[in-house]
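Reader: Please give a close account of the aromatic side chains and of the charges placed over their rings. I should like the criteria stated along with the values.

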Amino acid sequence: MITTTASADIDHVAMLMDTVESAEDANARAVKNTVLSPRFYTTDFKAMDALDISRVRADWDVMMKEYEGDNNHDHFQRDAAFAEEVRTLMPQLSPEMRQEFLDFLISSLTSEFSGCILYNEIRKNVSNPDIKQLMTYMARDESRHAGFINQSLKDFNLGIDLGSLKRNKAYTYFKPKYIFYATYLSEKIGYARYITIFRQLERHPDKRFHPIFRWFERWCNDEFRHGESFALIMRSQPELLQGVNKLWIRFFILAVYATMYVRDHTRPLLHEAMGLESSTYDFDVFRITNDICRQVFPVEVDIDHPAFRQGLERLLAISLAADRAKKRGGLLGKLQVAGCAAQAAFTFGRLYLLPVKKQELPQTIRMEPVW
């Protein structure tokens, strides 16, 4: 069996995860909304329709040609080697490792499908030709990503009913600028996560326990390009990067990093199987994401500040305590959950108040994936 040495907190971390044994369990996991799970979004379509990207027209037109060229049109196809790897490797997974990998697949599918739905809804509700064209291309890409992950879930007989997921999962309303900040970060951190895993397994192919990771390099370039699209939109609207909006940018960077840190520590076996350690992996991803975000964000979270790592560890401990309280139930459990929520808000607030790094935006907007 593929096993690893569990961290000291593995028994507590396992409490965060409900077992997935059937397609019904998998679909329930995808629909469920928690602080850590990917969400579905809707926005102000009229405001999206009014966007003017004339400030970045030259870069925009180049990007649209890249989308039109669709260099990944043939990428998301499973080959014979994929099926053989699934057949030989999956029976070697320990039950605990299987659960962490399923959680990773379901969360990743939900995130990709969230983008597909959002982009498609914007496409249907705007007449602005620039925005409509962009959303058509991005929805196409995200649909492929979600479908490809779903095929791997079907190998476990755990496929997600995407139509049902679209109908039944709750939607969160975000103003367009919040969509820009959050989605830019989501796409860029998605690139950083996937490329870090791909490079690790490129160096250590013996640790690649599932064939889906062989697809990550070209896949994450889709994520990178999607982020570039939102970077162009934000650079075309300078007010989004000035004044009080800097505070919102700071909030979203911290929220994305904190969520990733806590969520990733519910999957220690997954990372250890790939030769990674969850905290080290996360900070490597944060560094890549910070490097990229200098293209568009005038502020940067200082991930090297000693109190930053301490704050993330504190949020993880609070999350574990809250999960134990939920399972305990009753009046005492509810009071403890409320106490954990207050502690989490206080800890997040302290992290938010840490000094940030400030930078001038570069003249050149477009970036290339070089990591």
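Author: What follows concerns the aromatic pairs, one aromatic cluster and two charges over rings. This is a predicted model, in which local features need pLDDT of at least 70 and side-chain atom pairs count only at pLDDT 80 or more, whereas totals for chains, interfaces and linings use all residues. Residues are numbered from 1 along each chain as its sequence is written, and side-chain values use heavy atoms, with hydrogens and water left out.

The structure holds 41 aromatic pairs. Rings of Phe, Tyr and Trp (its six-membered ring) count as a pair if their centres lie within 6.5 Å; planes under 30 degrees apart are stacked, over 60 edge-to-face, and the rest tilted. One of the pairs joins F213 and F216, edge-to-face, with 5.3 Å centre to centre and 80° between the planes. Buried means under 20% relative accessible area, exposed over 50%, and partly exposed in between, with a 1.4 Å probe and protein chains only. F213 is buried at 2% relative accessibility, and F216 is buried at 1%.

The pair of F251 and F252 is also edge-to-face, because the ring centres lie 5.3 Å apart and the planes meet at 85°. Here F251 is partly exposed, at 30%, while F252 is buried, at 6%.

F213 and F216 also belong to one aromatic cluster, whose members include F76, F148, Y194, W215 and W219.

A charge sits over a ring if NZ of Lys or CZ of Arg is within 6 Å of the ring centre and within 35 degrees of the ring normal. K188 lies over the face of F224, at 3.3 Å from the ring centre; R225 lies over the face of Y67, at 5.8 Å.
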